[in-house]
Amino acid sequence: MEIAPFDKRDGFIWLNGSFVPWNDAKCHIITQGMHYASSVFEGERAYKGKIFKSEEHTKRLFKSAEIIGIKIPFTPDEINEAKVELIKKMNFEDCYVRPIAWRGSQQMGLSTSKADINVAIAVWDDWASYFKIEDRKAGIKLITSPWKRPSPDTAPCEAKASGPYVICTMSKEFAEKKGYHDALMLDYRGYVAEGTGANIFFVKGNDVHTPIPDCFLNGITRQTVIEMLRNDGLTVEEKYIQPNEISKYEEAFLTGTAAEITPIQSIDDIKFDTGEDSKTYKFMQDFHNLVRS
Ligand SMILES: Cc1ncc(COP(=O)(O)O)c(C=O)c1O
């Protein structure tokens, strides 16, 4: 499907408290957030018109903002209401929701004492998945990125802040140029961390392992999937995983708001089971039902 450019669309964007026509929702070239990456954002999904874990996402948006020193000039309730109204105004059932807060144009440079804070929310319904649906069915191929997740005292790893995403973008580009769908990122110690925009899980028998999120986002989908699998009687262990341990697992998958549950076919030369007989396939179906229930 041809995706319309994101600066030329119909509908509305919620910008600083008002609904403005989509194509008029602009900011100036001299914007602190664009030059120095002072911005935080969320990625959410609505299913059948209702945002999954809306309040958790808003909570994380405010926490991310606080971590990087941004004071959002709205209350969490106002953001939650704006999201609901916007989805209604856009007439969407299933869609992706993108709130963002950034330092504006009032002040330039690294000093931020006088900076104005802007907030916007956009929704769109043509992101079927972070990965194409046919790739998701077959499972995606990952290559290990040369870029690492930094230590928590180097980057604000608990914040969904734009700055650190350049590492993810470089890793994703590295993978795609080599013909892979995504990259596996290791952390600054060399442990397995996550994908470029999603958390990672491994399966062996009834045991499910996932890395400890001490230097990357503890995704809301990750937490949901852990709970879902434990309720289903599986053992889920959060542990440090070395790259040379990956080959002992039978299956692997990514989790994230955009990626939902995406099976992994291979990481570098290591192959995993995928398809309708796999455990991951069942997890995908259970997750599909959970978010729509
Ligand atoms: C780098 C990164 N890790 C993990 C996740 C998964 O987070 P969530 O499940 O809250 O969408 C995301 C997506 O937001 C991400 O961008």
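How many helices and strands does the secondary structure of the protein chain come to? In this predicted model, the count is seven helices and 16 strands.

## Overall dimensions

The protein chain has 293 residues and a radius of gyration of 19 Å. A compact globule with that number of residues would have a value near 19 Å, so the chain agrees with the expectation for a compact globule. Taken along the principal axes, the box filled by the C-alpha atoms is roughly 55 × 40 × 35 Å.

Of the 293 residues, 39% are buried. Among contacts in the protein chain with a separation of 6 or more, 69% are between residues 24 or more positions apart.

## Ligand shell

The ligand is surrounded by 15 residues, and the closest are Gly 219, Ile 220, Thr 221, Gly 256 and Thr 257. Two elements, α6 (220–231) and β14 (251–256), give two or more residues to this shell. The largest share is that of α6, with three residues.

By residue class, the shell around the ligand holds eight polar, five nonpolar and two charged residues.

## Helix α2

Helix α2 covers residues 54–67, which is 14 residues. At 1.5 Å a residue the helix should span 20 Å, and its end C-alpha atoms are 20 Å apart, so the span agrees with the expected value.

The buried residues in α2 are His 57, Thr 58, Arg 60, Leu 61, Ser 64 and Ala 65. Seen down the axis of α2, these buried residues fall within an arc of 160°, and therefore line one face of the helix. They pack against three strands and two helices: β3 (39–41), β4 (44–47), β6 (95–103), α3 (76–90) and α6. Helix α6 thus appears both as a packing partner of the buried residues of α2 and as a contributor to the shell around the ligand.

After α2 comes Gly 69, which has a positive phi, near 85°.

## Glu 260 in strand β15

Glu 260 is located in strand β15, which runs over residues 260–267. Is this residue buried or exposed? Within 10 Å of Glu 260 there are 22 other C-beta atoms. The cut-off for a buried residue is 20 or more, so Glu 260 is buried.

Gln 223 and Glu 260 are 37 residues apart along the chain, and their C-alpha atoms are separated by 12 Å.

Conventions
Residues numbered from 1 in each chain as written. Predicted model: local features only at pLDDT ≥ 70, side-chain atom pairs only at ≥ 80, totals over all residues. Near = placed C-beta within 6 Å. Helix = DSSP H or I, 4+ residues; strand = E, 2+ residues; numbered from the N terminus. Nonpolar A, V, L, I, M, F, W, Y, C, P; charged D, E, K, R; others polar. Rg over C-alpha atoms; globule rule 2.2 N^0.38 Å. Buried ≥ 20, exposed ≤ 12 C-beta atoms within 10 Å, placed from the backbone. Contact = placed C-beta atoms within 7 Å. Expected span 1.5 Å × (residues − 1). Arc of directions from axis to C-beta.
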